[in-house]
Amino acid sequence: MARFDKKVAIVTGAASGIGKEIALRFAAEGGIPVIADLNLDAANATAAEIKGKGGDAFAVAMNVVDEDAVNKGVEDVMNKYGRIDVLVSNAGIQIVKPVVDFAFADWKKLLSIHLDGAFLTTKACLKHMYAAKSGSVVYMGSVHSKEASVLKAPYVTAKHGLIGLCKVVAKEGGAYNVRANVVCPGFVRTPLVDKQIPEQAKELGISEADVIKHVMLKDTVDGEFTTTDDVADCVLFFAGARSNALTGQSIVVSHGWFMQ
Ligand code: NAD
């Protein structure tokens, strides 16, 4: 039997990049990914791609900072499938600026998508996981959950915060056989990173090639980007853990950029 046979996994931000790869991989292993994204057209396209390969998937319009939209999306999943086995809280954005120039509105927007989004989706899913006495929550952290970089104050703050949320959910969920863990990737070539290469070049006064070589990949062991596939491997590893032995943990997948 496939590892995630008929298991339902809500993946936020799954219309693009890392989340999309995670959804494809869940489906390839027999699971049913719910593509929960702000961008419904792109979410539908991802679901159609999965169905075209013979899998099942469900696209849901969800702004993770809108409590009503989150609750409705989760209820729609329960009405359709009657279970939620996995939540991958992955939706995120990036805004780069030095602290002295960071607009307060942008600080709040970034913190809200990463932290409020993780809280609201966790809260909505936990109710059903507790009732089923089973579940796995995986947060998309970052090397920036453990390390800092210039220009990324709210991102680093939010990604560190997810480790705290994960540990509380792991402790509260233990009695219900619900686990929580964090995956912490290095730089992955997705739209989120492609957008910030010219922005960082402008802020730092260096070329885009130098941003890649001397900022993003400088401390890796081999000068390589991490891939969406590498990240999905770790997410599925946590999601597939069979006992509470693996809970409250974080794993870094970054070509050795950060070693703990
Ligand atoms: P991406 O831009 O390719 O995808 C992000 C997705 O999130 C998009 O489909 C977008 O529509 C969705 N989204 C944004 N705001 C949303 C909201 N409010 N509600 C619902 N969906 C929303 O980015 P990505 O690189 O795949 O990033 C995914 C996650 O991985 C983020 O949490 C990011 O911080 C994290 N991450 C990325 C990297 C990297 O190098 N790309 C490294 C470490 C961690």
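## A walk from the ligand to the helices

Start by selecting the ligand and everything around it: 28 residues surround the ligand, and the closest are Ser16, Asp37, Tyr155, Val188 and Thr190. Keep in mind as you go that this is a predicted model.

Now zoom in on the polar contacts. Show the side chain of Ser16, where an N or O atom sits 2.6 Å from an oxygen atom of the ligand. Do likewise for Asp37: a polar atom of its side chain is 2.6 Å from a ligand oxygen. For Val188, switch on the backbone, since that is where you'll find an N or O atom 2.7 Å from an oxygen atom of the ligand. Try a surface next: on its own the ligand has 830 Å² of accessible area, and the protein covers 92% of that.

Tyr155, one of the closest residues to the ligand, takes us to the next stop. Select residues 153-173, which make up helix α5. This helix has 21 residues, and its first and last C-alpha atoms are 30 Å apart, close to the 30 Å expected at 1.5 Å a residue. Tyr155 is among its buried residues, along with Pro154, Val156, Leu162, Ile163 and Cys166, to pick out a few. What covers them? Colour α4 (104-132), β5 (135-140), β6 (178-185) and β7 (249-253), which are included in that cover.

While α4 is coloured, click on Lys109, which lies in that helix. Is Lys109 buried or exposed? Neither quite fits: its relative accessibility is 46%, so it counts as partly exposed. Draw a distance from its C-alpha to that of Ile95, 14 residues away along the chain, and you should read 9.6 Å.

Last stop: helix α2, residues 40-52. Its 13 residues should span 18 Å at 1.5 Å a residue, and the end C-alpha atoms are indeed 18 Å apart. Select Ala43, Thr46, Ala47 and Ile50, which are buried. Then look down the axis of α2: these buried residues fall within an arc of 95°, so they line one face of the helix. An α-helix has 3.6 residues a turn, so residues three or four places apart point the same way. Bring up α1 (17-28), β2 (32-37) and β3 (58-61) to see what the buried residues of α2 pack against. Swing round to the other side of α2 for Asp41 and Gly52, both exposed.

Finish at the two ends. At the start of α2, a side-chain oxygen of Asn39 comes within 3.3 Å of the backbone nitrogen of Asp41. Just after the helix, check Gly54, which has a positive phi of about 95°.

Terms used
Residues are numbered from 1 along each chain as its sequence is written. This is a predicted model: local features need pLDDT of at least 70, side-chain atom pairs count only at pLDDT 80 or more; totals for chains, interfaces and linings use all residues. Side-chain values use heavy atoms; hydrogens and water are left out. Helices (H or I, at least four residues) and strands (E, at least two) are DSSP runs, numbered from the N terminus. The expected span of a helix is 1.5 Å times one less than its number of residues. Buried means under 20% relative accessible area, exposed over 50%, partly exposed in between (1.4 Å probe, protein chains only). Contact means heavy atoms within 4.5 Å. A residue is near a molecule or strand if one of its heavy atoms lies within 4 Å of it. A polar contact is a pair of N or O atoms within 3.5 Å; within protein, one must be able to donate a hydrogen and the other to accept it, and residues adjacent in sequence count only if both atoms are side-chain atoms. Accessible areas come from the Shrake-Rupley method with a 1.4 Å probe; for residues, only the protein chains shown count as cover. The arc is that of the directions from the helix axis to the C-beta atoms.
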